[in-house]
Amino acid sequence: GVRANSEARAISGDGQVIYGNAGRDTNAAGVHAFRWAGTGTYHELPTVQGYTSSFIRATNGNGSIAVGYAQFGRQGNGTPTQACYWTGNTVTPLETEYTSSAAGISRDGSTIVGNDNSFSGASVAVVWRPGQARQVLPSLQTDPRFRTEASLWASQTRTRFNGSTAK
């Protein structure tokens, strides 16, 4: 059966496959990804070798692929994570620079999106596609098309949220 605490995180388009996480404490080490299929059959999924926990974040349209990440130790304590995907009972890590997480997948399963953090701590949006290198998407800081808009937004935000005078 399902471990003491569990959470459903993703569902296939037809509602027949549900993915989630289960463990004694869903924020602690030892949490594992799982899949419920069809009539409620529960399958615990493997985690990336060397990691203690795994977390599902999304599934494709027919529920054949799930994405998320593996992590050392407790969730949210700054420990490294590894973006990965599951097909059947196999987990595959995705190409990353340091610590990463997969957060979404296209309906047909051909495109995975998420974030990757460098050793310097910079976080970037990334896209993974089969047979292709990880693609880093432009950010507000690196794309000149967005610099003016980002600066304007930042100055308006500082004005609106100055001390206790939020509007």
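# A guided tour, starting at aspartate 116

Select aspartate 116 to begin: with a relative accessibility of 1%, this residue counts as buried. Keep in mind along the way that the model on your screen is predicted.

**Stop 1: the salt bridge**

Which residue does aspartate 116 form a salt bridge with? Add arginine 134 to your selection, and you have the pair, with 2.5 Å between the closest N and O atoms. Aspartate 116 sits in strand 10 (residues 112-117), while arginine 134 belongs to the loop between strand 11 (123-128) and strand 12 (135-136), so the pair ties together parts that lie 18 residues apart in sequence. The count of salt bridges here comes to one. As background, side chains of opposite charge can pair when their charged atoms come close.

**Stop 2: the loop next door in the list of elements**

Stay with the loop between strand 11 and strand 12, and pick proline 130, which lies there. Is proline 130 buried or exposed? Proline 130 has a relative accessible area of 64% and is exposed. Now select glycine 109 as well: from C-alpha to C-alpha, glycine 109 and proline 130 are 9.5 Å apart in space, with their positions 21 residues apart in sequence.

**Stop 3: an open sheet of four strands**

Next, colour strands 9, 10, 11 and 12. They form an open sheet in the order 9-10-11-12, with antiparallel pairing. Strand 9 (99-105) and strand 12 are at the edges with a single partner strand each, so one side of each has no neighbour in the sheet. To look at one pairing in detail, select valine 126 and then valine 136 in strand 12, its bridge partner. Strand 11 and strand 12 are joined by two bridges, in the antiparallel sense.

**Stop 4: threonine 99**

Move along to threonine 99, in strand 9. Threonine 99 counts as buried, at 11% relative accessibility. What does the side chain of threonine 99 reach? Show the backbone of threonine 81: its nitrogen is 2.6 Å from that side chain. Beyond four places in sequence, threonine 99 is in contact with Thr79, Pro80, Thr81, Asn115, Asp116 and Asn117. Asp116, in that list of contacts, is the residue where the tour began, the one that forms a salt bridge with arginine 134.

**Stop 5: threonine 59**

Another threonine is worth selecting: threonine 59, in strand 5 (residues 53-59). Threonine 59 is buried too, with 11% relative accessibility. Display its side chain, and you will find a polar atom 2.7 Å from the backbone oxygen of isoleucine 65. Leaving out residues up to four places away in sequence, threonine 59 touches Ala10, Ile11, Ser12, Tyr19, Ser64, Ile65, Ala66 and Ile105.

**Stop 6: the nonpolar cores**

In soluble globular proteins, nonpolar side chains tend to be buried together. To see this here, select Tyr19, Leu45, Val48, Ile56 and Trp86, which touch the most other members of the largest nonpolar core, a group of 13 residues. Strand 2 (17-23), strand 6 (65-71) and strand 7 (81-87) each contribute at least two residues to this core.

Which residues surround leucine 45? Setting aside neighbours within four places in sequence, the contacts of leucine 45 are Tyr19, His32, Ala33, Phe34, Arg35, Ser54, Ile56, Trp86, Gly88 and Asn89. There is also a second, separate core of ten residues, and Ile65, Val67, Ile105 and Ile112 are among them.

**Stop 7: phenylalanine 34 and its two partners**

Phe34, one of the contacts of leucine 45, is a good place to follow strand pairing. Select glycine 20, which stands opposite phenylalanine 34 in strand 3. Strand 2 and strand 3 (residues 32-37) are antiparallel and joined by six bridges. Then select glutamate 44 in strand 4, the bridge partner of phenylalanine 34 there. Strand 3 and strand 4 (residues 41-44) also run antiparallel, with four bridges between them.

**Last stop: the whole chain**

Zoom out to see everything together. How many helices and strands does the chain have? The secondary structure comes to one helix and twelve strands, and from the N terminus the order is β-β-β-β-β-β-β-β-β-β-β-β-α. The chain has 167 residues, of which 37% are buried. Turn on the surface, and about 9,400 Å² is exposed, with carbon and sulfur atoms supplying 52% of it. Of the contacts between residues at least 6 apart in sequence, 31% join residues at least 24 apart.

Key: Residues are numbered from 1 along each chain as its sequence is written. This is a predicted model: local features need pLDDT of at least 70, side-chain atom pairs count only at pLDDT 80 or more; totals for chains, interfaces and linings use all residues. Side-chain values use heavy atoms; hydrogens and water are left out. A nonpolar core is a set of buried Ala, Val, Leu, Ile, Met, Phe, Trp, Tyr and Cys residues joined through side-chain atoms within 4.5 Å. Buried means under 20% relative accessible area, exposed over 50%, partly exposed in between (1.4 Å probe, protein chains only). Contact means heavy atoms within 4.5 Å. Accessible areas come from the Shrake-Rupley method with a 1.4 Å probe; for residues, only the protein chains shown count as cover. A salt bridge is a side-chain nitrogen of Lys or Arg within 4 Å of a carboxyl oxygen of Asp or Glu. Two strands pair if DSSP finds at least two bridges between them. A polar contact is a pair of N or O atoms within 3.5 Å; within protein, one must be able to donate a hydrogen and the other to accept it, and residues adjacent in sequence count only if both atoms are side-chain atoms.
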